[in-house]
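Here are some notes to read alongside the model, set out as numbered points. Please keep the sequence and the 3D view open while going through them.

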Amino acid sequence: MTTIDQPTAAPTEIDEQKLMGFVFKAVDEVGATLNCALVVMGDKLGYYRALADRGPLTPSLLADATATGIHYAREWLNAQAAGGYVEYHPADGTYTLPPEHAIALTDPDSPAYLPGFFQIAFGTVHDSPAVVAAASVGDGVGWHEHGDDVFVGCERFFRPGYNANLVSSWLPAMDGVVPKLIAGARVADLGCGHGASTIVMAKAFPQSTFVGSDYHPGSIATARERAAEAGVADRVRFEVADAGSYSGTGYDLVTTFDALHDMGDPIGAARHVHSTLADDGRWMIVEPAAGDRVEDNLNPVGRAYYGFSTLLCTPASLSQDVGLAIGTQAGPARINDITTTAGFTGFRVVAGTPFNNVLEVWK
Ligand SMILES: C[S@@+](CC[C@H](N)C(=O)[O-])C[C@H]1O[C@@H](n2cnc3c(N)ncnc32)[C@H](O)[C@@H]1O
């Protein structure tokens, strides 16, 4: 033990082991910080795909397979091996991607697919100087002010969860919604981004019609392309609109996927949902998984989401009128406050995954 003299308090005993334990935890996190860019690099250059498809590879074989520079392939492989993403085999100098890691890193249809999570984190960190400048004066940074890695990363992160859960478990957990969708319902999807959720629903329920809306014109342009590619453009209309003023009334179902907490005026949006929902309609609110108290969220998922909240979602809300800034980890009780204030009487948590809470709201 050593001691440090504090000017106003008694000398504090320093536990050297605890100090060095913290330093080495931080070293690990510096490696993890760089690994975010390395995963994005491996995804964009096709390194993971080549390892998954071709089995054990030397740096030279990986460079050939991806038409990239050998020195980058070698250093990237070593960083990945040190981080436990790939395995190194000293006997023959090859590297392999374990099959489980291959699913998480190369299979966009798996709910475990990770590259989108890294891509949105990478884009968020890349854009963080604007957030630091805004924080110093209490301003916001709009969602639309970010780069493509945030928009595309968001779509790629959330889509596997929607594919895996939305039709099979989230919608069936809501009262009477699936029979209406099968028969032909009118659905509004607010803050739809690139339209991943809208298109999943449109493909599953061919008798229903969908209006996806988002205030960001670039996202709506991409959503229209995605709907055309998926062959559902005849039943899905996308419009540029704020959640407080999107078009239409009498909807059987309104949905909001990972977007309510990004809005400046979620109460205003909730009031508009109330006025556009049929009397027996339902509002599905999907929000990031969170408990109601800070201490409920002090875990790895909460850590990632508080990070996104600080650098992406809270600045987005602050950039808009009202700027309520409820945060990414607001929790169901806070969302219930918002919907009740807007005039809804019914609220329940109907489903959840490690990444999302699914809430059902009615008049
Ligand atoms: C985290 S993204 C989620 C996008 C999409 N729902 C998804 O799950 O992939 C949040 C979305 O909310 C949109 N948004 C933020 N504020 C909005 C507002 N006031 N009205 C409409 N959309 C808004 C953003 O443009 C962005 O597309």
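**Notes on the cavities, the ligand and the pocket**

1. Helix α8 gives the largest share of the lining of the largest cavity, namely six residues. Please bear in mind from the start that this is a predicted model, and that every value below is computed from it. Besides α8, the elements α10 (196-204), β6 (209-214) and α13 (300-318) each supply at least two residues of this lining.

2. The largest cavity holds about 570 Å³ of space, and its lining is made up of 36 residues. Those that lie nearest its centre are Trp143, Gly191, Asp258, Ala259 and Asp262. When the lining of the largest cavity is divided by class, 21 residues are nonpolar, ten are polar and five are charged.

3. Where does the ligand sit? The ligand sits in the largest cavity, and there are 19 residues around the ligand, of which Tyr162, Gly191, Asp214, Phe257 and Gln320 come nearest. Gly191 therefore deserves a second look in the 3D view, since a residue counts as near the ligand if one of its heavy atoms lies within 4 Å of it; Gly191 is among the residues that come nearest to the ligand, and it is also listed among those nearest the centre of the cavity.

4. Helix α8, which spans residues 148-170, also provides the largest share of the shell around the ligand, in this case three residues. By class, this shell consists of eleven nonpolar, four polar and four charged residues.

5. Three side chains can be followed by their distances to ligand atoms. In tyrosine 162, an N or O atom of the side chain is 2.5 Å from an oxygen atom of the ligand, and in aspartate 214 an N or O atom of the side chain is 2.6 Å from an oxygen atom of the ligand. For aspartate 242 the partner is a nitrogen atom of the ligand, which lies 3.0 Å from a polar atom of the side chain. Taken alone, the ligand exposes 590 Å², and the protein buries 97% of that area.

6. How many cavities of 30 Å³ or more does a search of the whole structure find? The search finds two, and the second largest cavity contains about 50 Å³ of space. Its lining includes Glu287, Pro288, Thr328, Gly331 and Leu359, and β9 (277-288), α14 (332-341) and β11 (356-362) each supply at least two of the lining residues. By class, the lining of the second largest cavity has six nonpolar residues, three polar residues and one charged residue.

7. The largest pocket should be considered separately from the cavities. This pocket has a volume of about 1100 Å³, and of the 29 residues that line it, Ala32, Thr33, Cys36, Phe118 and Ala121 are the closest to its centre. The largest share of the pocket lining, nine residues, comes from α1, while α1 (16-45), α4 (70-82), α6 (115-126) and α13 each supply at least two residues. Divided by class, the lining of the largest pocket has 18 nonpolar, eight polar and three charged residues.

Note on methods: Residues numbered from 1 in each chain as written. Predicted model: local features only at pLDDT ≥ 70, side-chain atom pairs only at ≥ 80, totals over all residues. Heavy atoms only, no water. Polar contact = N/O pair within 3.5 Å; in protein donor to acceptor, adjacent residues only side chain to side chain. Areas by Shrake-Rupley, 256 points an atom, 1.4 Å probe, with all protein chains shown as cover. 1 Å grid on protein atoms, 1.4 Å probe; cavity = no way out; pocket = protein on both sides within 12 Å on 5 of 7 lines; lining within 4 Å. Sits in = over half its atoms within 2 Å of the grid points. Helix = DSSP H or I, 4+ residues; strand = E, 2+ residues; numbered from the N terminus. Nonpolar A, V, L, I, M, F, W, Y, C, P; charged D, E, K, R; others polar. Points joined across faces, edges and corners; volume = space filled by probe spheres on them.
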